[in-house]
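Here is a quick walk through a predicted model. Have the viewer open and follow along from the helices to the sheet, with a stop at a histidine at the end.

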Amino acid sequence: KLDWYIIRKFLMTFFIAIALLSVIIVIFDVSEKIDDFVRKEAPIRSIIFDYYLNFIPYYMNMFSALFVFISVIFFTSKLAGNSEIIAILASGVSFRRLMWPYFLSATVIFAISFFLGSTVIPKSTAKMLEFQNVYIDKFKVDQANDLMMEVDPGVVMGIESFNRRSNRGYRFFLERYEDKQLVSRLIADRIHYEDNNRWVVEDYVKRDFDGMRETLTRGTRLDTLINVEPEEFFITSQESAQMTNRELRTYLRKQSERGVGNIQAFETELHKRYASPIAAFIMTLIGVSLSSRKGRGGMGLNLGIGIALSAIYILFSTVSSSFAVSGTMSPFMAVWLPNFIFLAIGVFLYTRTPK
């Protein structure tokens with residue numbers, strides 16, 4: 001009975017807190033972006049179905065650890081204030097046993113958050129980002145410059161500039177290496193993408209090397225297969241949120257093989273998919289340890305401490321993530337460091353809590 005009582009209180013408070021705070025977040029977001037909606041004549045249907053119906057799950061999942069913390073602080077302080085925890089402990093239930101239903105509830109939230117964040121929300125985020133790109137703040141570009149990557153083992157491609165709209169690139173080269181020795185080099189003034197990795201090279205010069213001998217070939221048009229598509233030139237860090245976990249891992253593996261830099265944002269996003277749901281357990285531990293004791297300050301003091309710790313956690317996570325993107329810190333450490341530190345705080349509070 002006690003387990004189901006606490007689980008029901010926990011989950012009910014959690015989902016009510018999500019609903020209430022989501023309404024507040026939407027109200028503030030509407031007030032901030034209403035000018036953009038009016039100026040760019042965004043349709044009401046698109047605002048509701050393409051933006052806000054995808055906006056709400058995205059931010060709900062992002063701040064799920066915060067909702068867990070506030071929920072635990074709120075209803076546990078109420079239990080303590082009504083002397084219910086004193087009665088539970090007096091009945092012979094240990095404090096450690098009392099934590100079981102809390103962590104079972106956190107496991108339910110973890111499973112929901114991880115499933116939504118890894119498979120469902122990325123797909124809905126794609127619609128939200130597309131809406132933002134059209135009606136709020138355009139972040140997609142049509143011109144990419146100074147491109148260089150390894151498209152296949154031993155094959156390096158470079159393009160000085162490429163235009164998405166025309167599918168044309170300028171000042172192109174393709175080099176092939178065997179045992180770290182250059183065996184051929186193709187350069188061209190222009191290159192055009194057809195489909196299915198088929199590219200057309202225009203006004204080209206090809207040099208083939210065989211020891212000390214060199215064969216020179218010139219032409220106006222050459223069809224060739226290159227294992228890359230134009231969309232890969234234009235993937236930005238904002239688009240990491242619309243990839244599923246499998247797509248993120250595939251993208252990171254492919255870009256690492258090609259020697260492409262600036263993938264820290266994608267590595268950070270992948271680590272966040274695991275670190276954020278696990279934060280539910282850490283926040284539960286801290287929340288119960290803080291609010292299970294009946295004190296003169298009542299619920300208000302516990303809520304104040306809880307909100308302050310939540311704000312510190314979010315600030316810490318944001319700052320450390322920026323270190324990963326800038327290359328100052330590895331993505332793993334940047335994402336997981338707040339969890340490690342707050343886990344230590346939770347264990348310390350748990351050991352100091354009267355049992």
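## Helices α1 and α2

Let's start at the N-terminal end of the numbering. Helix α1 (residues 2-39) and helix α2 (residues 44-62) cross at roughly 135°, and their axes come within 10 Å. That angle makes α1 oblique to α2, because a helix pair has to be over 145 degrees to count as roughly antiparallel. As for handedness, α1 passes α2 in a right-handed crossing.

Who does the touching? From α1 you get Ile18, Ser22, Ile25, Val26, Asp29, Val30, Lys33 and Phe37, and from α2 they meet Ile47, Tyr51, Tyr52, Phe55, Ile56 and Met60. Sorted by class, the contact of α1 with α2 comes out at 11 nonpolar, one polar and two charged residues.

## Helices α3 and α5

The next pair is helix α3 (residues 64-81) with helix α5 (residues 95-136), packed at an angle of about 155° with axes 12 Å apart. So α3 and α5 are roughly antiparallel to each other. The crossing of α3 past α5 is right-handed.

On the α3 side, the contact uses Ser64, Val68, Val72, Phe75, Thr76 and Leu79, while α5 brings in Tyr102, Ile109 and Ser113. By class, that contact of α3 with α5 has six nonpolar and three polar residues, and no charged ones.

## The sheet

Now for the strands. Six of them make an open sheet in the order β1-β2-β3-β4-β5-β6, paired antiparallel. The edges are β1 (143-152) and β6, each of which pairs on one side only. On average, neighbouring strands of this sheet are turned by 15° against each other, ignoring direction.

A general point to keep in mind while looking at it: in a regular strand, side chains alternate between the two faces of the sheet.

## Two hairpins

At one edge, β1 and strand β2 (residues 155-163) run antiparallel and are joined by eight bridges. To find the register, look at Ala144, whose bridge partner in β2 is Phe162. β1 and β2 form a hairpin with two residues between them, and Gly154 in the turn has a positive phi of about 80°.

At the other end of the strand order, how many bridges pair strand β5 (residues 198-210) with strand β6 (residues 213-225)? There are 12, in the antiparallel sense. Two positions help with the register here: Tyr204 has Gly219 of β6 as its bridge partner, and Phe209 stands opposite Glu214 in β6. The hairpin of β5 and β6 has two residues between the strands, and Gly211 takes a positive phi near 65° in it.

## A stop at His271

Finally, jump to helix α7 (residues 264-291), where His271 lies. Is His271 buried or exposed? At 24% relative accessibility it counts as partly exposed, because buried would need a value under 20%.

Which residues does His271 contact, once its neighbours within four places in sequence are left aside? They are Pro331, Phe332, Val335 and Trp336. Met333 is worth a look too: His271 and Met333 are 62 residues apart in sequence, and their C-alpha atoms are 9.5 Å apart in space.

Definitions and conventions
Residues are numbered from 1 along each chain as its sequence is written. This is a predicted model: local features need pLDDT of at least 70, side-chain atom pairs count only at pLDDT 80 or more; totals for chains, interfaces and linings use all residues. Side-chain values use heavy atoms; hydrogens and water are left out. Axes are lines fitted to C-alpha atoms, for helices over the stretch in contact, and angles run from 0 to 180 degrees between N-to-C directions. Helices (H or I, at least four residues) and strands (E, at least two) are DSSP runs, numbered from the N terminus. Angles under 35 degrees count as roughly parallel, over 145 as roughly antiparallel, 65 to 115 as roughly perpendicular and the rest as oblique. A crossing is left-handed if the near helix is turned anticlockwise from the far one by less than a right angle, and right-handed if clockwise. Contact means heavy atoms within 4.5 Å. Ala, Val, Leu, Ile, Met, Phe, Trp, Tyr, Cys and Pro count as nonpolar, Asp, Glu, Lys and Arg as charged, and the others, Gly among them, as polar. Buried means under 20% relative accessible area, exposed over 50%, partly exposed in between (1.4 Å probe, protein chains only). Two strands pair if DSSP finds at least two bridges between them.
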